[in-house]
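Work through the exercises below with the model open beside you, and attempt each task before reading its solution.

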Amino acid sequence: LWRGTGKTMSEIVYRPNSDVEPLSENGPENADQVRNDKLIEELRGMGAFEDPEKNVVRENALDKVEHIVFEWVKELSDRKGIEFTDATKRKACKVVPFGSYCMGVHSSDSDIDVLCIVPLHIDRGDFFAEVPALLGQADGIEKIHCVPDAFVPVIKFECDGVDVDLSMARMPDTELPDDLDICLDDHIKGIKDPKDLTCLNGPRVTLEILHRVPNVDSFLMLLRCLKLWARRRGIYSNIVGFPGGVAWAIMGVKVCQLYPNMIPSQLLEKFFFLYKNWNFGNAILTTPLDECKAPPGAVFMQSWDPQRMPPNQWRPMSVITPTYPAANSTFNSSHSTLWVIQQEIAAAHTLAQAFNGGKGPISALFEPCDFFKLYSNYVQVQVCSAVEEGLKGWYSYIESQLRKLVEKLEMDHSAGLKAAHPCTRHFGPHAEAGTGPGGSERWLVLFYIGLKFDNEAVKQLKEAGQSVNLTGPVAEFLQIIDTDSYDSNDISVKVVKRKMIPSWVRDGYYAGHSAGPAGATQKRKLEEAGAGRSASTADADTPETAKRAKD
């Protein structure tokens with residue numbers, strides 16, 4: 001699990017958070033141990049642990065990727081006049097897995113986040129120009145998709161059925177040092193490109209998280225519980241505004257620091273208790289900010305600092321990463337997604353209390369939600385393309401913009417909304433015959449946002465002689481969509497009643513409930529599932545449809 005990092009579990013030394021005092025140092029009693037065993041048994045039954053055979057496939061896939069990248073770095077170095085001998089070849093490249101796989105809390109449908117650390121003479125342009133072609137030549141590697149302009153530039157692909165996100169970071173030397181420890185600030189002092197530091201931050205955050213918990217084993221089991229719960233409840237997707245894996249992990253670290261001697265079944269209840277009562281106007285920090293400052297000589301990067309942030313830059317949630325540069329891992333959050341999270345946490349606390357009190361099964365906590373029964377009305381965002389191959393980049397781009405539609409909906413008074421609840425799944429690609437130009441086939445992907453109306457706000461609108469109207473926020477959203485970069489594609493947005501949702505969407509959604517720990521496997525960190533169990537339905541009238549298509 002620690003290949004490439006230079007770490008073993010015994011080397012993960014606890015670094016206490018000097019800003020936090022434990023709320024309780026009590027440990028478990030015999031009854032707690034019994035319940036903890038039941039919890040772990042339930043997790044196994046729900047597929048939260050990957051079976052050994054699939055894990056071997058995952059290890060072999062990582063070996064294959066490591067070999068391809070390693071040979072590419074050596075060959076490109078030769079072309080640039082830098083030779084690595086047999087004695088120095090291990091200094092040419094280091095491949096470091098991070099995230100859930102590195103921590104061993106991955107499930108059967110998890111991807112692998114991999115960072116390729118290379119010397120300074122290996123250029124990022126070379127990485128994106130040459131590596132995708134090499135991957136495409138290898139047996140078992142397909143669905144290659146490059147995202148060079150992302151916040152973390154990445155090559156996404158599937159290797160022997162395992163999703164892989166491959167990024168690259170350069171160290172400021174012609175060869176990698178023998179004692180390279182990416183956790184140490186000394187090794188980032190000479191890095192000049194902020195993108196290199198951004199990419200390094202993935203494994204640096206992963207390992208720092210482990211250093212900040214008093215009991216790594218208890219934390220990892222808690223995290224496994226949280227990931228399963230959040231996925232099944234449809235609140236695990238950074239891209240649409242819910243916490244992703246890093247944010248849920250940091251929130252779990254905070255609980256472990258406050259209750260250092262408790263075991264996972266106890267920590268799970270304390271997690272829901274803490275965040276049920278948390279004032280989310282306050283940031284969630286697991287490391288003193290003084291310990292997240294830039295080391296001397298390091299490239300300057302904007303770091304999260306509440307003293308320097310104007311009020312309009314505060315987000316509804318602030319879950320802060322524990323290394324330089326400190327960042328808000330829930331930057332994409334909205335008031336709507338926070339509202340859904342709070343409903344879910346409150347419901348989960350009741351269920352966890354019942355389990356620990358011997359009054360209910362733990363399985364109730366992990367029941368999948370039913371997003372398409374939560375609301376009466378939904379915003380349906382449809383993206384289309386004449387060819388399936390042209391759809392991938394288009395719908396991925398639209399998905400990255402959905403949180404902006406959520407924000408515009410919740411900010412517009414005329415919408416009369418309490419919350420706009422995005423589904424963490426997309427549906428499609430789906431072929432529709434005879435709906436394209438000249439009766440041709442058309443490919444589409446659908447996204448949904450549940451509408452929770454504020455009854456009082458709707459009443460006030462009616463008393464003022466107005467009706468609920470979403471046209472304004474939808475039009476503003478369509479204005480920011482870049483259709484010029486995606487030829488022969490279009491997008492339409494409309495509000496639909498529950499009964500108008502296509503049967504193929506419903507079929508795909510419900511099939512996902514029984515297809516593994518997170519539901520049906522869809523690509524990577526979108527981490528699909530349904531939505532919040534405590535949200536109620538709404539019955540306000542639907543507004544008119546807004547549409548914009550590229551000619």
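## Exercise 1: a strand and its partner

Task: determine which residue of E2 is the bridge partner of Val 96, and describe the pairing of the two strands.

Solution. In this predicted model, Val 96 has Leu 115 in E2 as its bridge partner. Widening the view to the whole pairing, one finds that E1 and strand E2 (residues 112–118) run antiparallel and are joined by five bridges. Turning then to the cover of strand E1 (residues 94–98), four of its five residues are buried, so that the strand is mostly covered.

## Exercise 2: the two sides of a helix

Task: establish how the buried and exposed residues of H1 are arranged around its axis, and what the buried ones pack against.

Solution. Begin with the geometry: helix H1 (residues 30–45) comprises 16 residues, and its first and last C-alpha atoms lie 23 Å apart, close to the 22 Å expected at 1.5 Å a residue. Next, list the buried residues of H1, which are Asp 32, Arg 35, Asn 36, Leu 39, Ile 40 and Leu 43. Because these residues cover an arc of only 145° around the axis, they are on the same side of H1. The spacing can be read against a general rule: an α-helix has 3.6 residues a turn, so residues three or four places apart point the same way. On the other side of H1, the exposed residues are Asn 30, Asp 37, Glu 41, Arg 44 and Gly 45. Finally, the buried residues of H1 pack against three elements, namely helix H6 (216–232), helix H8 (264–276) and helix H9 (335–356). Just after H1, Gly 47 adopts a positive phi of about 80°.

## Exercise 3: two residues in their surroundings

Task: decide whether Thr 198 is buried or exposed, and then assign Glu 441 to its accessibility class.

Solution. Thr 198 belongs to helix H5 (residues 194–211). Its relative accessibility is 11%, and because buried means under 20%, Thr 198 counts as buried. Once neighbours within four places in sequence are set aside, Thr 198 is in contact with Phe 151, Val 152 and Met 301.

Glu 441, by contrast, sits in the loop between strand E8 (427–432) and strand E9 (442–453). With a relative accessibility of 41%, Glu 441 counts as partly exposed. The side chain of Glu 441 makes a polar contact of 3.4 Å with that of Trp 443, while the C-alpha atoms of Glu 441 and Val 387 are separated by 8.2 Å, although these residues are 54 residues apart along the chain.

Key
Residues numbered from 1 in each chain as written. Predicted model: local features only at pLDDT ≥ 70, side-chain atom pairs only at ≥ 80, totals over all residues. Heavy atoms only, no water. Buried < 20%, exposed > 50% of the residue type's maximum accessible area, 1.4 Å probe, protein only. Contact = heavy atoms within 4.5 Å. Polar contact = N/O pair within 3.5 Å; in protein donor to acceptor, adjacent residues only side chain to side chain. Pairing = 2+ DSSP bridges. Expected span 1.5 Å × (residues − 1). Arc of directions from axis to C-beta.
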